[in-house]
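Trainee: I am new to this structure. Please pick a single part and take me through it closely, then place it in the rest of the chain.

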Amino acid sequence: GPSDSHTTWISFLGSGQSDILAYLAMMAPRLVELQRALKPTGSVYLHCDPTASHYLKIVLDAIFGPTNFRSEIIWKRTSAHSSAKRHGAVHDVLLFYSKSDRFTWNQLYQPYEKEYLETFFDQKDSDGRRWKRTDLTGAGVTRQGETGQPWRGIDVTAKGRHWALPPRMLDQLDAQGSIHWPKKDGGMPRLKQYPEDLPGVPLQDVWNDIRPIHNMSQERLGYPTQKPLPLLERVIRASSNPGDVILDPFCGCGTAIAAAEKLGRQWIGIDITHLALNLIRTRLHNMFASPSAYDVIGEPTTVSEAAELARTDPYQFQAWALGLLGARPAELKKGADRGIDGRLYFIDQSGGKAKQIIISVKAGHTGVSHLRDLWGVIEREKAEIGVLVTMQEPTKPMRTEAAAAGFYDSWATSHPRLQILTVEELLRGARINFPGRYSNDTFKRAPKAKPAAAQAPEMPLDDYGSMYAAGEGA
C-alpha cells in the first residue's frame, strides 16, 4: 500500500552518506503527513535552492502525484554576482503542488511594463491615453438570442461568428466612446481597451520583482533564512481566501505567520526552538496593534515542565527563560559564553544610548559565586543591571550578596543592580525591575503592517488548513 511504499522510499534515501540524502530522508515523512492533513482545496509551496529542488520534486511527485504538480516558480533572490567557474547563482525555487484538482486559485496580475504598453497599446486618444483594439465578436454562430442578431447593420453570423455582447450593451459602450469605428467603410468595429481598466499581465512562474531583504532593510530581524514578506503574501493571496488556515511547519522568525495575519487568514506555525517562538511573538506584537489571539503549545507552564526542559535541553531552556523576559540571546561564537546568556536594553531618563541589562540563566545548583561572577560581567561590560535566573530558591547569602550591589537610580526611582528571579516567579508573571522602556536594540522591530489591499471574497472554513507555506526553516 501507499504507506509501505513511502517507508521503503525513506529507508532508501537514508542509506547513503550524503547530506542531501539525510535532508530528503528528513523531509519525506513530513511531506507525507502534510499531504494527509491537507484539505482537498489546499496547496503546498516548498521553498528550496537549486541544489535540492530536483530531488524534492521527485519526492513530491511520489507523495502528491505528478498530476498535482502545478508550477516550478523561479524567484530571483539576489542581484548578480560573480561565481567561480559557473554562472552566478541568483535564484531559489518554489515547488507548487495541490492536494487535488479542486485547489483554491486566485489569479494574480502584475502591472504592464513600458515596452508591453508601447507594443500592444499602440493607439492614442487626443489626450494621449493609450489603448488597444480588441475583437467584439466570438467564434461560432449563435442564431438564438441577442448576440446572434445584426447590430448597426452588421451581421457577423455570415462570417461564422457572433457578437461578444448583446446589442444593448454594445450601444452603451458606443455611447461611452469605448468602440472604435475604422475610417474605412465596412471596417469592423473594435472595443477600445485602456490599460488602467484591465487587471494587468497574469503572474508567470518567474518572479524577479520581489527584492531580497538587504542588510539595511527595516524588515530584517537577524534570522539567517528570513524571507521577504511580499513573497509569502503573494503565495497566500494566490492559494487561499480570507478565513482559510495557513500552516508553516518550518516557521523560523514567522514571515508566513505575519503575512497570514496581515491578510486575514487563520494560521498555525511550528518550530522546534524557543528562540523562534520568542521572535514570532515579538514580531506579531510589533507589527499589529491587536494581533489575533493565539496559543503557544509546547512551552513549559509549570516548574516541573521547566525542570524537564532544563534536563533534556539546557540551551532550549535558556532560550525559553530569556523569551519570558523579552530578552535577546547573546550573539556568541563557539566557545565560552563569557558569563552572558542574554541581553536586554532600555532607555532611561537620560535618553541617548540605550542602557544594558546582562542576564545569566542557571538550571542547576546556584550560589553566591554565581552572583559574584555576574557582577564581574556587569563591570566588564559597563552594564547597569544584572539578572540571575535560577531554578532554585535563592539562599539568604545570595540575597545578601545581591542587596550589597546597590541600586540604579532613574526618574526618581531605584532599581536593584543585581536581581534574582526564579523560574517559579517568572511563571507567575514576575519580570525584571528596570526604569524606562524597552529599547529597539533588544530586538529589531518589524515594521508596522500596512493595511491589506482588496482581497478575494471570503469563503467558508473547512476542517483542515487550506495551504501550507514552507517558510524560514525550509
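Mentor: What follows starts with how far the model can be read, then takes one sheet with its surroundings, and ends with other parts of the chain.

The model is predicted: local features are given where pLDDT is at least 70, side-chain atom pairs count only at pLDDT 80 or more, and totals for chains, interfaces and linings use all residues. Residues are numbered from 1 along each chain as its sequence is written, and side-chain values use heavy atoms, with hydrogens and water left out.

The predictor's confidence in each residue, pLDDT, runs from 0 to 100. Its mean over the chain is 85, and 84% of the residues reach 70 or more. Residues 1-16 stay under 50, and the model has 16 contacts for them beyond four places in sequence; a contact means heavy atoms within 4.5 Å. Residues 454-474 are also below 50, with 81 contacts beyond near neighbours in sequence. Where pLDDT is low, the predicted coordinates should not be read in detail.

Now the part itself. Helices (H or I, at least four residues) and strands (E, at least two) are DSSP runs numbered from the N terminus. Four strands make an open sheet in the order E5-E6-E10-E9, paired antiparallel. At its edges are E5 (123-124) and E9 (179-180), each of which pairs on one side only. Two strands count as paired if DSSP finds at least two bridges between them. Strand E6 and strand E10 (residues 190-193) run antiparallel and are joined by four bridges. Thr 134 stands opposite Leu 191 in E10. Strands of a sheet pair through backbone hydrogen bonds, either parallel or antiparallel.

Two charged residues lie over rings, which here means NZ of Lys or CZ of Arg within 6 Å of the ring centre and within 35 degrees of the ring normal. Arg 129 is over the face of Tyr 194, 3.9 Å from the ring centre. Lys 192 is over the face of Trp 131, with 4.8 Å to the ring centre.

Leu 136 is in the loop between strand E6 (130-135) and strand E7. Buried means under 20% relative accessible area, exposed over 50%, and partly exposed in between (1.4 Å probe, protein chains only). Leu 136 has a relative accessible area of 2%, so this residue is buried. Leaving out residues up to four places away in sequence, Leu 136 touches His 162, Trp 163, Ala 164, Leu 170, Ile 179, Pro 189, Arg 190 and Leu 191. The C-alpha atoms of Leu 136 and Trp 163 are 6.1 Å apart, although 27 residues separate the two along the chain.

Trp 163 leads on to the rings. Rings of Phe, Tyr and Trp (its six-membered ring) pair if their centres lie within 6.5 Å; planes under 30 degrees apart count as stacked, over 60 as edge-to-face, and the rest as tilted. The structure holds 15 aromatic pairs. One of them joins Trp 151 and Trp 163: the centres are 5.5 Å apart and the planes are at 80°, so this pair is edge-to-face. Trp 151 is in the loop between strand E7 (137-139) and strand E8 (161-163), and Trp 163 is in E8, twelve residues apart. Trp 151 counts as buried because its relative accessibility is 3%, and Trp 163 counts as buried because its value is 0%.

Another pair, Phe 346 and Phe 434, is tilted, at 5.5 Å centre to centre and 50° between the planes. Phe 346 belongs to strand E16 (residues 342-347), while Phe 434 is 88 residues away in the loop between helix H13 (423-427) and strand E22 (437-438). Phe 346 is buried, since its relative accessibility is 0%. Phe 434 is also buried, with a relative accessible area of 16%.

Elsewhere in the chain, strand E21 (residues 418-422) has five of its five residues buried, so E21 is largely enclosed by the rest of the structure. Leu 418, Ile 420 and Thr 422 point one way from E21, and Gln 419 and Leu 421 point the other way. E21 pairs with strand E18 (residues 385-390) in the parallel sense over five bridges. Val 387 stands opposite Gln 419 in E21.

A last place is the loop between strand E19 (407-410) and strand E20 (413-416), where Trp 411 lies. Trp 411 has a positive phi of about 50° although it is not a glycine, and counts as partly exposed at 44% relative accessibility. Ala 412 is in the loop between E19 and E20 as well; its phi is near 60°, again positive in a residue other than glycine. With a relative accessible area of 86%, Ala 412 is exposed.
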